[in-house]
Each structure stands twice: as structure tokens, then as C-alpha cells.
Amino acid sequence: MGNGLILGIETSCDETAAAVVERGRRTVSAVVASQIATHARYGGVVPELASREHLRAIVPVVRAALEQAGVGFRDLEAVAVTAGPGLAGALLVGITYAKALAYANRLPLIAVNHLEGHIHAVLLREREERDARQFEEPVLALVVSGGHTHLYLARLHGGLWSYELIGRTVDDAAGEAFDKVAKLLGLGYPGGPWIDALARFGDPDAVSFSFSQVKTKAHLRGKTPRTKGANTSPIAELDPHFLFSFSGIKTAVLRYVELHGLRDESERRAELLYPARAERDGRGTDGVAKPAQTKNEALALSTQKTLDLIASFQHAVIGDLMKKTFGAAERLGANRILVTGGVAANRELRERFSQGAEARRLAISFPTKTLSTDNAAMIAAAAWPRYEASEFAPADLSADPALKLT
Ligand code: KG4
Ligand code: ZN
């Protein structure tokens with residue numbers, strides 16, 4: 001029996017990541033090179049820039065992961081890579097490099113779905129902390145990130161997990177709403193951590209936002225919705241109780257800002273945050289637009305009305321995520337809830353989901369904060385059961401920007 005070491009590579013969006021994980025349960029090393037500084041000035045990920053940055057970072061990041069693990073290529077048992085969903089050009093950088101590594105070192109290649117990776121970020125932690133403990137099934141998994149807001153019912157069959165799609169967003173992902181609202185309020189990118197930090201200074205009940213139930217409109221039947229993550233699934237067959245919609249609340253926040261004269265204040269924060277943007281894109285002397293402002297400075301530039309708006313927005317989004325997730329758990333008889341993806345790093349989300357689970361006597365788990373956002377440890381962990389089942393990727397593996405989990 002080998003040493004169980006799998007090298008994971010993740011390049012689906014704006015983080016170039018590599019990690020070595022042992023048997024899907026122990027992180028030996030994990031390296032993440034973030035492109036935040038590159039994309040921050042644009043307030044969102046620019047696909048062409050993402051591919052270029054991945055090309056620049058992939059070799060040193062993989063080398064660093066191996067060095068930190070103290071192993072060489074020939075100590076590995078397999079190479080795992082994210083095959084989708086994500087940005088086509090970004091995915092291709094990781095896939096091409098992973099294929100070359102696998103071929104040159106005669107290692108099997110394992111293709112991993114990015115969403116399954118997020119789910120395994122939680123399973124990895126569970127296995128690390130509670131040795132060999134059985135996971136209650138079925139598990140209801142909420143994957144909530146910048147590209148996805150998806151509910152899956154997960155079951156274990158002979159060592160492999162299978163997933164059934166229960167609900168999803170019909171428009172924006174929850175993380176996308178955090179990012180867009182932060183942008184319009186003149187806060188940093190990505191917006192989630194900024195809203196998380198400022199929300200605790202506001203009154204969550206100051207502004208009431210309503211989420212009306214999403215209707216499966218006739219024109220959507222059989223069609224697939226458009227979302228940033230491009231993980232498209234027909235929504236017509238899903239229970240409308242478990243559909244999310246986050247584009248409305250972004251518009252409601254915008255309207256509130258206009259109506260209450262908060263626009264100038266937002267622009268002042270944006271100017272402080274992106275001095276290079278004020279100078280006009282690209283003409284800054286250092287060529288790098290680093291967020292110059294800290295969250296404390298943003299706080300100092302915010303009126304109570306804005307802080308109340310931020311707190312109310314966050315409270316409303318989390319309330320809606322909870323209502324549908326717990327509703328689905330009850331309806332489907334799930335025994336454990338798992339919340340993962342970038343938004344799962346949110347403090348209020350963790351607190352309220354934990355309280356909600358306790359009140360309903362449901363088990364709940366989250367990834368560690370570092371494994372909430374994109375990383376490669378989760379990819380290597382998700383690859384382990386596939387390695388054991390000898391489920392290897394074909395030699396002509398390609399990027400699938402719309403890869404589905406079910
Ligand atoms: O999982 P992730 O790194 O990338 C995707 O697969 O999309 O998630 C990134 C998203 C961004 O939208 C970011 O604003 C959000 O996660 N995020 C948060 C927090 N940290 C990151 N949202 C709310 N609160 C946070 N603390
Ligand atoms: Zn992700």
C-alpha cells in the first residue's frame with residue numbers, strides 16, 4: 001500500500017492553488033496564490049487576466065506545495081485537478097499542467113468537480129478532527145459562494161458520494177450579491193469579508209428586505225438560468241420552495257442608497273479604496289491597484305445609516321439561506337447539514353446556522369475558515385474516494401465550464 005498522497009490543483013476562478021493531502025483526511029501542505037490585487041480594481045474577476053495570472057503562478061505554487069510537504073513528484077500516488085465548473089481559460093491552465101505532471105511522472109490523473117471539492121472541504125475537516133467517525137446520512141449540503149448557491153442531498157454509496165440537486169439560485173449567487181452590494185457601497189473586493197466586518201456595527205432590523213417566493217415562471221420551464229458560475233441545471237423540475245434569487249435585494253439596496261442620499265458617502269469610500277481607479281485604470285505609477293483602505297478606515301467613513309443597511313442586507317440574505325436550507329432538511333429527512341463555499345466564512349452565517357441546527361436537533365458542519373474559500377486541499381480530498389475506486393480521468397480530459405455535480 002502506498003503513502004496515500006495526492007497532489008491537488010485548483011485554478012477554476014481567481015486563486016491558483018496546490019495542496020498535498022493524505023488519504024482525503026490529512027492536509028500535508030496547502031498553498032493558495034490569490035489574484036485579489038489583480039481583479040480588485042475592476043470590482044470582479046476579469047477572465048483574461050485570471051488565465052494570465054494562473055499561467056504565471058501555477059509552477060511556483062505547485063513547487064511550494066511539494067516543498068512544504070517535503071515530498072517529490074515520485075512520492076505522489078496521483079494528481080487531481082478541478083475540471084469544472086469555472087472559467088474555461090482558467091480551468092485549462094490547471095488541467096494542462098496536471099496532465100503534463102501526471103504523464104511525465106506516470107501518475108494517474110483524477111478529475112474533480114469544483115462543487116464536490118467544496119463539499120469535501122467539510123468532510124476533510126470532519127475526518128481530520130473526528131477520526132473514522134461515521135457521517136450521518138443523508139447530508140443536505142448548501143454550497144454558497146461567488147458562483148454558486150446550490151442545495152444538494154448527498155448520500156454515500158460504497159465509499160463514493162452521490163448528489164441530488166434540490167435547489168439553486170435562478171439568478172445571482174449569494175456571494176455575488178455580497179460582492180455587488182459591497183461595490184455599490186464603495187467597499188473592497190471581494191465584498192463578503194468587508195460586509196461581514198462592517199455588519200456587526202449596524203442594526204440588522206433597521207431595513208426590512210423581503211424575499212418573495214421564487215416562481216418557476218412558464219418561460220423558464222425547461223430552460224437553464226444564466227449565472228456567473230455557469231453551472232446550469234434546469235430549474236423547472238425543482239421545488240420552487242428551494243429556489244433562491246438574489247438579484248432583487250441588490251436592486252433594493254441600490255434604491256435605498258439613492259433614496260437616503262448615501263451615494264456621496266459611498267463614492268468617498270470608493271475613492272479612498274481605489275486611488276488608482278480615480279487616476280483612471282492602469283495609469284497608476286506602480287501598475288498595481290492595491291486596496292489602500294482598511295476595513296477600519298471604511299468604518300470611519302460610514303454613517304450609522306449605511307452600517308444599518310449593511311447589517312440588514314447581510315441579515316436578510318442569511319435568513320433566506322436558512323429558511324430554505326432548514327426547510328429542505330426537514331422535508332427530505334436530512335440528518336446533517338453542511339454549509340460550504342466562500343460565503344460560509346461569514347461570521348453571522350455560522351452563528352445563526354449553528355443556532356438553527358441546534359434548535360432543530362440537526363448536526364451541522366462547516367469547513368475551517370481557510371478551506372471555505374477556493375483551495376486545492378479540498379480538490380485532493382475529493383479525489384481520494386475516486387482514487388480508491390480507480391476512477392481516473394481520460395487522457396483527453398478537457399475543461400468543462402458548466403460541469404454538473406448530479
Ligand atoms: O468559494 P469562493 O472562494 O469562490 C467561488 O467558488 O466563488 O467564494 C468567493 C465568494 C465571494 O463572493 C466572497 O465575497 C464571498 O465568497 N465571501 C464571503 C465572505 N468571505 C468570502 N461572503 C460573506 N462573508 C464572508 N466572510
Ligand atoms: Zn469555489
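Me: What does it take for a residue to count as buried, and how many residues of strand S1 are buried?

Reply: A residue counts as buried when its relative accessible area is under 20%. In this predicted model, strand S1, which spans residues 5–10, is mostly covered, with six of its six residues buried.

Me: Which residues of S1 point one way, and which point the other way?

Reply: Leu 5, Leu 7 and Ile 9 point one way from S1, while Ile 6, Gly 8 and Glu 10 point the other way, and all of these are buried.

Me: Which strands pair with S1, and in what sense do they run?

Reply: Strand S2, residues 15–22, runs antiparallel to S1 and is joined to it by six bridges, with Glu 10 standing opposite Ala 17 in S2, and a hairpin of four residues connects S1 to S2. Strand S4, residues 78–84, pairs with S1 in the parallel sense over four bridges, and here Ile 6 stands opposite Ala 78.

Me: Turning to the ligand, which side chains should I look at around ligand 1, and how much of its area does the protein cover?

Reply: A polar contact is a pair of N or O atoms within 3.5 Å. A polar side-chain atom of Asn 346 lies 3.0 Å from a nitrogen atom of ligand 1, and the side chains of His 114 and Ser 145 each place an N or O atom 3.4 Å from an oxygen atom of ligand 1. The protein covers 91% of the 560 Å² of accessible area that ligand 1 has on its own.

Me: Which element gives the most to the shell?

Reply: Helix H6, residues 191–199, gives the most, with four residues, and the shell as a whole divides into five nonpolar, twelve polar and three charged residues.

Terms used
Residues numbered from 1 in each chain as written. Chains lettered and ligands numbered in written order. Predicted model: local features only at pLDDT ≥ 70, side-chain atom pairs only at ≥ 80, totals over all residues. Heavy atoms only, no water. Polar contact = N/O pair within 3.5 Å; in protein donor to acceptor, adjacent residues only side chain to side chain. Areas by Shrake-Rupley, 256 points an atom, 1.4 Å probe, with all protein chains shown as cover. Helix = DSSP H or I, 4+ residues; strand = E, 2+ residues; numbered from the N terminus. Nonpolar A, V, L, I, M, F, W, Y, C, P; charged D, E, K, R; others polar. Buried < 20%, exposed > 50% of the residue type's maximum accessible area, 1.4 Å probe, protein only. Pairing = 2+ DSSP bridges.
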